[in-house]
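Colleague: Before I take any label on trust, I would like to go through the terms used for this model and hear the reasoning behind each of them.

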Amino acid sequence: MLRELKDKEYIPPKNMLKLFIKGGFALSKVLIKNMGQLKKARKERIEYIPLKRNYELPEYKPGMKVVKSNEKYLRPTLYCNPYAKEIVALANHLGAFEKDPYEYARDAFEFVKRNLILQIMPLDGVVPTLKRGYGTCLHKISLFIALCRAAGLKARYKLYAIAMIQQWYETFVEIDPLMREWYDAMGYFMLHGEGEVYIDGKWIVADVGPTPERQAATGIPITKFGEDSIGIWFQAIPGSIMRVESLPLGLGMASKLLMEKISPASVAKMNNNILRQVEKGRKILQEIGEEEYNRRVRKGYKMPTIELERKSIIFE
Amino acid sequence: MIEFKEYIENLNKRLHNYIPDPATFTPGEEGVFKPLDVYNHPKKEADEYKFKAIKYAFKHHYENNSFYKKYCKENNVTPDDIKSIDDFNKIPLIPDKFFKTYPSGKEFAMWLATIYTGELPNIVIKKSDDHDDIINKFNDAGLVISYSSGTSGRHTFIPRDKRTFNDTEYAIAKAAITMVYPFWEYDSYGYLLMPNPFKTNVFAGKVCSVYFDAVKDVQVALDRELKADLIRAAMKNNLKGRIIRYAMQRENKKMIERIINWLRENYKKKNKISFLGAPFILYFVMEELERNGESFDFGENGAVITGGGWKIFEGQRIPVDEFRKKVEKILGIPPENCLDLYGMVEGNGWMVHCPEGHYLHIPSTYYHAMVIDENGEEVAYGEKGRFAFLDGLAMSYPSFIISGDEVRMYEECPVCHRTSPVLEPEVSRAKGDEMRGCAEEMRRVLSMDLGGKDA
Ligand SMILES: [Zn+2]
């Protein structure tokens with residue numbers, strides 16, 4: 001049992017565990033210190049209207065093809081069941097088993113990236129995510145991975161802590177003083193990620209998290225299939241990148257606790273803010289068109305990436 | 001009046017410890033130490049200095065810094081592509097935010113090692129070392145790691161070697177002293193409106209240690225160490241925060257009293273005085289004097305060199321010319337002796353007001369400034385954009401930076417006739433970027449007693 005958990009990487013890797021433990025401690029400290037503020041925040045009512053899904057779900061027909069394998073990166077993992085009817089139907093609808101693997105993966109990428117809106121909420125499975133039409137970047141990555149695995153393409157998570165760009169800071173952090181305290185305390189607790197799919201001997205990155213509208217609103221390029229958002233619009237904290245088959249156990253519970261029990265008003269504020277951002281991005285893209293937007297913004301935005309070197313440092 | 005040549009030679013004598021053996025000058029150092037006036041050198045010769053300095057620095061970092069080399073390769077640029085100043089815009093720029101993206105723990109040490117160009121001395125890092133411990137170990141090994149901080153709570157760390165740091169200290173002293181000509185003389189009295197340079201790793205404070213070598217008697221406004229933890233604790237709206245704020249408030253009152261007493265004493269003795277540092281401290285001093293109906297008339301015997309931003313409280317900026325008027329009214333120091341400096345932790349170029357027009361002159365013999373639009377392209381003179389620069393002095397890290405500061409640059413000063421390009425008198429952060437400024441950190445501490453919680 002434990003071996004299986006380990007093998008499937010349900011147990012978070014060491015560096016992620018370290019991040020979480022540190023983040024957990026810092027967070028508890030902030031929470032305890034701010035009980036009063038927290039109570040106020042909990043009482044606060046923020047109007048928030050959940051989004052409506054903006055796409056149709058293809059119908060499932062018995063006998064639809066799906067790859068069921070127990071191989072690593074193909075099998076179901078936490079919150080990511082590629083065998084679910086809804087997933088199989090969508091995979092077939094998107095051309096699994098018809099298109100060549102690269103083309104299919106790219107179309108699955110575009111579907112997830114463009115159609116599902118970012119909203120902050122506790123983790124849940126790919127089926128509710130698909131039915132709902134929104135979720136966090138982790139929800140979206142899971143959906144992309146499930147679509148790949150259902151079509152027999154190995155897929156995994158690439159997770160990391162990010163150094164936020166300022167616009168993100170404004171959206172997520174600055175809007176809420178409590179959130180800012182969290183942020184300052186947490187430092188590295190901000191987990192973000194992308195999907196990766198294995199085609200022709202290579203892992204190809206899929207930045208499904210941000211929709212084009214949101215990228216336009218924050219002035220960053222619209223990432224394409226195979227394009228890493230690291231280096232383009234933010235930096236991964238070096239050393240924090242981890243590639244895993246599954247989301248770790250405990251993340252779902254933790255996110256539920258954080259968002260539902262501690263400060264639902266903060267989450268509602270953030271989500272409203274994201275929706276405003278999406279609206280702003282939509283206007284920008286309508287005005288100048290996606291292609292022109294991309295051309296303009298790409299010229300100016302680059303960030304070097306680094307691989308850590310030890311040089312002559314001695315670690316005791 | 002003393003000849004400018006003799007004036008600078010006196011400075012070089014005073015600061016000889018900062019000047020390396022001329023036989024070993026890098027091209028960047030030649031551009032700093034050889035010209036008498038880095039803001040008014042004949043254009044053609046200044047360009048020659050500048051081209052050599054920046055080409056050399058670019059080649060040096062390309063060859064000795066693996067992350068920068070990789071970045072250049074991604075941008076398809078090699079040192080051979082830089083054939084004249086017109087090619088400078090091919091040199092890949094690093095966003096200033098890059099220097100905020102450091103990991104924690106022992107990886108922080110590796111990160112510093114990675115952005116550092118060339119080999120490092122042996123440094124032993126323990127598991128339990130935090131950021132401050134790691135910085136101190138690097139510094140013990142002969143480096144000068146300094147930082148500045150922003151509102152997002154993340155610092156900007158820059159690794160300098162001792163020599164680069166000496167160079168930049170000399171450069172800032174020469175900048176100020178050149179522009180206040182003929183004011184400067186060693187036998188005078190200074191007040192540093194900054195944390196004690198010998199007790200801080202904050203760049204804006206540390207770089208001011210040269211003040212102690214250029215002026216006979218220097219007092220320090222803030223003698224305590226400004227620790228990030230303390231600042232954070234003071235900003236909390238709890239009992240501990242209130243106690244710290246109360247203590248600070250008392251300390252600030254005392255600080256202002258000390259400065260006023262110092263002014264009285266030196267005025268009585270007819271001493272030559274100068275202030276260097278954060279404008280808002282002097283602003284508070286002047287406010288207090290004004291309340292008491294007190295004023296001085298230092299005249300040509302006084303100078304004020306400010307730096308680090310013009311925010312007084314949250315959401316309140318003093319216009320620079322209003323500040324100068326106040327300095328003239330309360331201290332009797334003429335506007336020609338009240339100049340602002342603009343620089344940043346990532347670079348070693350110092351922009352300084354000319355006394356005639358208060359435009360920020362850019363040194364033209366080792367440093368190349370550009371203004372970049374949102375597409376990453378250079379804009380024409382007079383148009384707004386982000387300030388970017390190529391620094392020929394930094395040997396320990398690639399100092400080819402695009403900043404978040406919004407500026408307008410002019411090819412010539414609209415007022416004086418120096419040969420260097422200028423920026424408009426005031427610089428602001430581009431929209432969406434965080435406020436930084438080196439006075440910002442102190443402002444946060446010192447203005448807390450007024451508004452309680454500050455962002
Ligand atoms: Zn001028």
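**Helix crossings in chain B**

Modeller: Let me begin with a pair of helices in this predicted model: the axes of helix H5 (residues 106–115) of chain B and helix H6 (residues 131–140) of chain B come within 10 Å of each other and cross at roughly 40 degrees.

Colleague: Why are H5(B) and H6(B) called oblique to each other?

Modeller: The crossing angle is roughly 40 degrees, and angles under 35 degrees count as roughly parallel, while 65 to 115 count as roughly perpendicular. The value falls in neither range, and H5(B) and H6(B) are therefore oblique. The crossing of this pair is, in addition, right-handed.

Colleague: Which residues of H5(B) and H6(B) meet, and how do they divide by class?

Modeller: From H5(B) come Phe108(B), Ala109(B), Leu112(B) and Ala113(B), and they meet His131(B), Ile134(B), Ile135(B) and Phe138(B) of H6(B). By class, this contact has 7 nonpolar residues, 1 polar residue and no charged ones.

Colleague: What makes H3(B) roughly perpendicular to H4(B)?

Modeller: The axes of H3(B) and H4(B) come within 6 Å and cross at roughly 105 degrees. Since 65 to 115 degrees is the range for roughly perpendicular, that angle makes H3(B) roughly perpendicular to H4(B). On the side of H3(B), the contact is made by Phe58(B), His61(B), Tyr62(B) and Asn64(B), and on the side of H4(B) by Ser66(B), Tyr68(B), Lys69(B), Cys72(B) and Lys73(B). These residues divide into 4 nonpolar, 3 polar and 2 charged.

**Buried, partly exposed or exposed**

Colleague: How do you know that Val144(B) is buried?

Modeller: Val144(B), which lies in strand S3 (residues 143–149) of chain B, has a relative accessible area of 6%. Buried means under 20%, so Val144(B) is buried.

Colleague: With which residues is Val144(B) in contact, leaving aside its neighbours within four places in sequence?

Modeller: Val144(B) is in contact with Asn139(B), Ile158(B), Pro159(B), Arg160(B), Asp161(B), Lys162(B), Phe165(B) and Lys206(B). One of these, Lys162(B), is 18 residues from Val144(B) in sequence, and the two are 5.9 Å apart in space, C-alpha to C-alpha.

Colleague: Why does His41(B) count as buried, given that its place is in the loop between helix H2 (27–33) and helix H3 (43–64) of chain B?

Modeller: The label rests on accessibility: His41(B) has 11% relative accessibility, and because the limit for buried is under 20%, His41(B) counts as buried. Not counting residues up to four places away in sequence, His41(B) touches Pro35(B), Ala46(B), Tyr49(B), Thr365(B) and Thr419(B).

Colleague: And why is Lys311(A) called partly exposed?

Modeller: Lys311(A) is at 23% relative accessibility, and partly exposed covers what lies between the 20% limit for buried and the 50% limit for exposed, so Lys311(A) counts as partly exposed. Lys311(A) lies in the loop between helix H13 (290–300) and strand S8 (313–315) of chain A, and has a positive phi of about 50 degrees although it is not a glycine.

Colleague: What makes Asn76(B) exposed?

Modeller: Asn76(B) has a relative accessible area of 67%, and because exposed means over 50%, Asn76(B) is exposed. Asn76(B) lies in the loop between helix H4 (66–74) and strand S1 (94–95) of chain B, and its phi is near 60 degrees, a positive value in a residue other than glycine.

**A cis bond and the chains as wholes**

Colleague: Where is Pro182(B) found, and what is the omega of the peptide bond from Tyr181(B) to Pro182(B)?

Modeller: Pro182(B) is found in the loop between helix H7 (162–179) and strand S5 (189–195) of chain B. The peptide bond from Tyr181(B) has an omega near 5 degrees and is cis.

Colleague: How many helices and strands does chain B have, and how many are there in chain A?

Modeller: Chain B has 15 helices and 18 strands, and chain A has 13 helices and 8 strands. Of the 455 residues in chain B, 61% are buried, and of the 316 residues of chain A, 57% count as buried. The accessible surface of chain B comes to about 18,100 Å², with 48% of it belonging to carbon and sulfur atoms, whereas chain A exposes about 14,400 Å², of which carbon and sulfur atoms supply 55%.

How values were computed
Residues numbered from 1 in each chain as written. Chains lettered and ligands numbered in written order. Predicted model: local features only at pLDDT ≥ 70, side-chain atom pairs only at ≥ 80, totals over all residues. Heavy atoms only, no water. Axes fitted to C-alpha atoms, helices over the stretch in contact; angles between N-to-C directions. Helix = DSSP H or I, 4+ residues; strand = E, 2+ residues; numbered from the N terminus. Parallel < 35°, antiparallel > 145°, perpendicular 65-115°, else oblique. Left-handed = near helix turned anticlockwise from the far one by under 90°. Contact = heavy atoms within 4.5 Å. Nonpolar A, V, L, I, M, F, W, Y, C, P; charged D, E, K, R; others polar. Buried < 20%, exposed > 50% of the residue type's maximum accessible area, 1.4 Å probe, protein only. Areas by Shrake-Rupley, 256 points an atom, 1.4 Å probe, with all protein chains shown as cover.
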